[in-house]
Amino acid sequence: MKSSSSIEDLIPHLLQAKKVVVLTGAGVSAESGIPTFRGRDGLWKKYRAEELATPYAFISNPRLVWEWYDWRRQLIADKQPNPAHLTLAKWENIFPSFWLITQNIDGLHQQAGSRRLLELHGNIWKMRCVDEGTVFENRTTPLPEIPPHCPDCGGLLRPHVVWFGESLDSSLLSEAFRLSHECEVMFSIGTSAIVQPAASLPVAAAENGALLIEINAEPTPLASVAQFNFYGRAGEILPQIHQALLQALEKNSSASLGKNRTTKARKTEK
Ligand code: OAD
């Protein structure tokens, strides 16, 4: 199939889809005012990941690592979900099976209302006891104590996020691959699609026959694999797709997502 950037062409595919999976990255939160990692003003342009986001960095200097996370928590604390997050939250109630897999740790998808959500890289609002592994939610900003300590055992707490050189939670990752293998439609949105293993999820979906749609500010390595490519702001493109989908459903009251092909879909295919 030739690649397309037409929402009109995409809608018939969405009307037929029973299982939809979306992978998101930092670009989805950019319009909420949260910096991405690799863009022009990206975090990894100003800060060194190896000094701030590795287990070795934490063992060597927990205070420095926590100061950086405390700064990021303060930066994120007052940010609100944007139309991209809000649209994806609505899609849970639209598609028969819908899962959102995110690399983001900012919690904005949850705040927007998404519940069928896998947070592959953890969550910045959670802390984990280094000694006992207990996970606590903590939304206090700024932190009163740096580095913070476990209220139960007094052990050192660390951010409950995945750092470079660490493995992702294996059950979460297996679930993410299972969903990607089984879906009919996969969106990759606002991710540079280069950090593994997350970057393999859309590829796995496409190899298993799913329709792949990329929505990003610019082309990524997925561009040549995707059948639909939309370049621009996720917070503008997703609501446009959503509106077109609702209009298609309204036009044909018998149309319902994931069921038999709709009249409109058949017409479009002719
Ligand atoms: P990146 O910063 O690598 O990529 C963000 C992507 O979003 C880029 O391709 C941008 O072009 C695009 N983008 C920016 N603004 C956008 C907008 N308004 N709408 C759509 N796209 C936009 O972020 P990730 O791919 O999420 O991992 O990075 C993956 C992982 O690398 C992160 O989870 C983090 C990082 O190191 C860890 O910390 C383990």
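## Close-up views of a predicted model

**View 1. Arg48 and Glu51 meet in a salt bridge.** At 47% relative accessibility, Arg48 counts as partly exposed. The model shown here and in the views below is predicted. The salt-bridge partner of Arg48 is Glu51. Their closest N and O atoms are 3.1 Å apart. Glu51 also counts as partly exposed, at 42% relative accessibility. Neither value falls under the 20% that would make a residue buried, and neither is over the 50% that would make it exposed.

**View 2. Thr54 sits in the loop between helices H4 and H5.** H4 spans residues 49-52 and H5 spans residues 55-60. Thr54 is buried. Its relative accessible area is 13%, and the cut-off for burial is under 20%. The Thr54 side chain reaches the backbone nitrogen of Ala57 at 2.9 Å. Contacts from further along the chain come from Ala49, Trp163 and Phe164, once neighbours within four places in sequence are set aside.

**View 3. A salt bridge links Arg63 and Glu67 in helix H6.** H6 covers residues 62-77. The two side chains meet at 3.4 Å, N to O. Arg63 and Glu67 are four residues apart in the helix, so about one helical turn separates them. Arg63 is partly exposed, at 44% relative accessibility. Glu67 is partly exposed too, with a relative accessible area of 37%.

**View 4. Glu137 pairs with Arg139 in a salt bridge.** The closest N and O atoms of this pair are 3.4 Å apart. Glu137 counts as exposed, at 58% relative accessibility. Arg139 counts as partly exposed, at 46%. Elsewhere, Lys19, Glu175, Arg178 and Glu182 belong to one network, joined by salt bridges that share partners. The structure holds 10 salt bridges.

**View 5. Six strands form an open sheet with parallel pairing.** The strand order is E3-E2-E1-E7-E8-E9. E3 (117-119) and E9 stand at the edges. Each has a single partner strand, so one side of each is left without a neighbour in the sheet. From one strand to the next, the twist averages 15°. Strands of a sheet pair through backbone hydrogen bonds, either parallel or antiparallel.

**View 6. Strand E7 is mostly covered and pairs with E1 and E8.** E7 runs from residue 185 to residue 189. Five of its five residues are buried. Val185, Phe187 and Ile189 point one way, while Met186 and Ser188 point the other way. In a regular strand the side chains alternate between the two faces of the sheet. Strand E1 (residues 19-24) runs parallel to E7 and is joined to it by five bridges. Across this pairing, Thr24 stands opposite Ile189.

**View 7. A right-handed crossover leads from E7 to E8.** Five bridges join these two strands, which run parallel. Met186 stands opposite Leu212 in E8. Between the strands, the chain passes through helix H10 (residues 200-207) in a right-handed β-α-β crossover.

**View 8. Strand E8 is covered on both faces.** E8 spans residues 211-216, and six of its six residues are buried. Leu211, Ile213 and Ile215 lie on one side. Leu212, Glu214 and Asn216 lie on the other. E8 runs parallel to E9 (residues 228-231), and four bridges join the two. Glu214 stands opposite Asn229 in E9.

**View 9. Helices H1 and H9 each lie across several strands.** H1 covers residues 7-16. It lies across E7, E8 and E9. Relative to E9, H1 runs at about 130°. H9 covers residues 170-182. It lies across E1, E2 (97-102), E3 and E7. Relative to E3, H9 runs at about 135°.

Conventions: Residues numbered from 1 in each chain as written. Predicted model: local features only at pLDDT ≥ 70, side-chain atom pairs only at ≥ 80, totals over all residues. Heavy atoms only, no water. Buried < 20%, exposed > 50% of the residue type's maximum accessible area, 1.4 Å probe, protein only. Pairing = 2+ DSSP bridges. Right-handed = clockwise from strand over helix to strand, strands pointing away. Axes fitted to C-alpha atoms, helices over the stretch in contact; angles between N-to-C directions. Contact = heavy atoms within 4.5 Å. Polar contact = N/O pair within 3.5 Å; in protein donor to acceptor, adjacent residues only side chain to side chain. Salt bridge = Lys/Arg side-chain N within 4 Å of Asp/Glu carboxyl O.
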